[in-house]
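Let's take a friendly walk through this model together. Have the sequence and the coordinates open as you read.

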Amino acid sequence: MAFSDTLLDLIAEKKITKSKMLSDLSLGGGTFATWQERGNTPNGEIVLKLARYFNVSCDYLLTGKESNIQAPNLTPSEMNFLQMYRKLDAVDKKYQYDALKLKYDDIKTFVDSSYPKYDECDDIKKSTQNAQ
């Protein structure tokens, strides 16, 4: 897949226009036409800017495919979650992040309140020893 085709797909997924993307990234109006008509690929700095803008890897932006290299600490389900998250627009990302954070905080609060803290364990141990 050509660079410009991948970019067009990302623009469509994000539901924006080429002009909006170029404006957001402070790129000239004819820039996209150059990539599309001449088959040019921008320099590394712009590729990185675009990858960050669309929340995709540079590999994906340049080839239309994700790299087979996976971060060693992520499970396949975590990678799938991350790939789905990256396809969301900014509003949906915020919503999903807030929902996940709320769930995490609820679980952490429950776990923290359900089990004694280390200091509390020492207190319980001392009071048990004193009672004997």
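## Starting at Asp98

This is a predicted model. Asp98 is partly exposed, because its relative accessibility is 34%, which falls between the 20% limit for buried and the 50% limit for exposed. The side chain of Asp98 meets that of Lys94 in a salt bridge, with 2.9 Å from N to O. Both Lys94 and Asp98 belong to helix α7, where they sit four residues apart, about one turn of the helix.

## The other salt bridges

How many salt bridges does the structure hold? There are three. Further along in α7, Lys101 and Asp105 are joined through their side chains at 3.1 Å, N to O. These two residues are also four apart in helix α7, or about one turn. Lys101 is partly exposed at 38% relative accessible area, and Asp105 is partly exposed at 29%.

For another salt bridge, turn to helix α2. Here the side chains of Lys20 and Asp24 meet at 3.0 Å, N to O. Lys20 and Asp24 are separated by about one helical turn because they are four residues apart in α2. Lys20 has a relative accessibility of 41% and so counts as partly exposed; Asp24, at 36%, is partly exposed as well.

## A nonpolar patch on the surface

Helix α7, which spans residues 90-114, also contains Leu100. Leu100 counts as partly exposed, with 48% relative accessibility. Together with Phe81 and Met84, Leu100 makes a nonpolar surface patch of about 330 Å².

## The largest nonpolar core

In soluble globular proteins, nonpolar side chains tend to be buried together. In this model, the largest nonpolar core has 19 residues, and those touching the most other members are Leu7, Met21, Phe32, Trp35, Leu50, Phe54 and Leu61. The elements giving two or more residues to this core are α1 (3-14), α2 (18-24), α3 (31-38), α4 (44-54) and α5 (58-63). Helix α4 supplies the largest share, six residues.

Met21 is a good place to look around. Leaving out residues up to four places away in sequence, Met21 touches Leu7, Ile11, Ile16, Phe32, Trp35, Leu50, Tyr53 and Phe54.

## Two sides of α4

Which residues of α4 are buried? They are Ile46, Val47, Leu50, Ala51, Tyr53 and Phe54. These buried residues lie on the same side of α4, because they cover an arc of only 160 degrees around the axis. On the other side of α4, Gly44, Glu45 and Arg52 are exposed.

The buried residues of α4 have several packing partners: α1, α2, α3, α5 and α6, the last of these covering residues 76-86.

## A buried threonine in α1

Thr6 is a residue of helix α1. Is Thr6 buried or exposed? Thr6 is buried, because its relative accessible area is 0%, under the 20% limit. Apart from neighbours within four places in sequence, Thr6 is in contact with Met1, Tyr60, Leu61, Thr63 and Gly64. One of these contacts, Leu61, is also among the residues that touch the most other members of the largest nonpolar core.

How values were computed:
Residues numbered from 1 in each chain as written. Predicted model: local features only at pLDDT ≥ 70, side-chain atom pairs only at ≥ 80, totals over all residues. Heavy atoms only, no water. Patch = residues over 30% accessible without salt bridge, like charges linked within 9 Å, V, L, I, M, F, W, Y side chains within 5 Å. Areas by Shrake-Rupley, 256 points an atom, 1.4 Å probe, with all protein chains shown as cover. Salt bridge = Lys/Arg side-chain N within 4 Å of Asp/Glu carboxyl O. Buried < 20%, exposed > 50% of the residue type's maximum accessible area, 1.4 Å probe, protein only. Core = buried A, V, L, I, M, F, W, Y, C linked by side-chain atoms within 4.5 Å. Contact = heavy atoms within 4.5 Å. Arc of directions from axis to C-beta.
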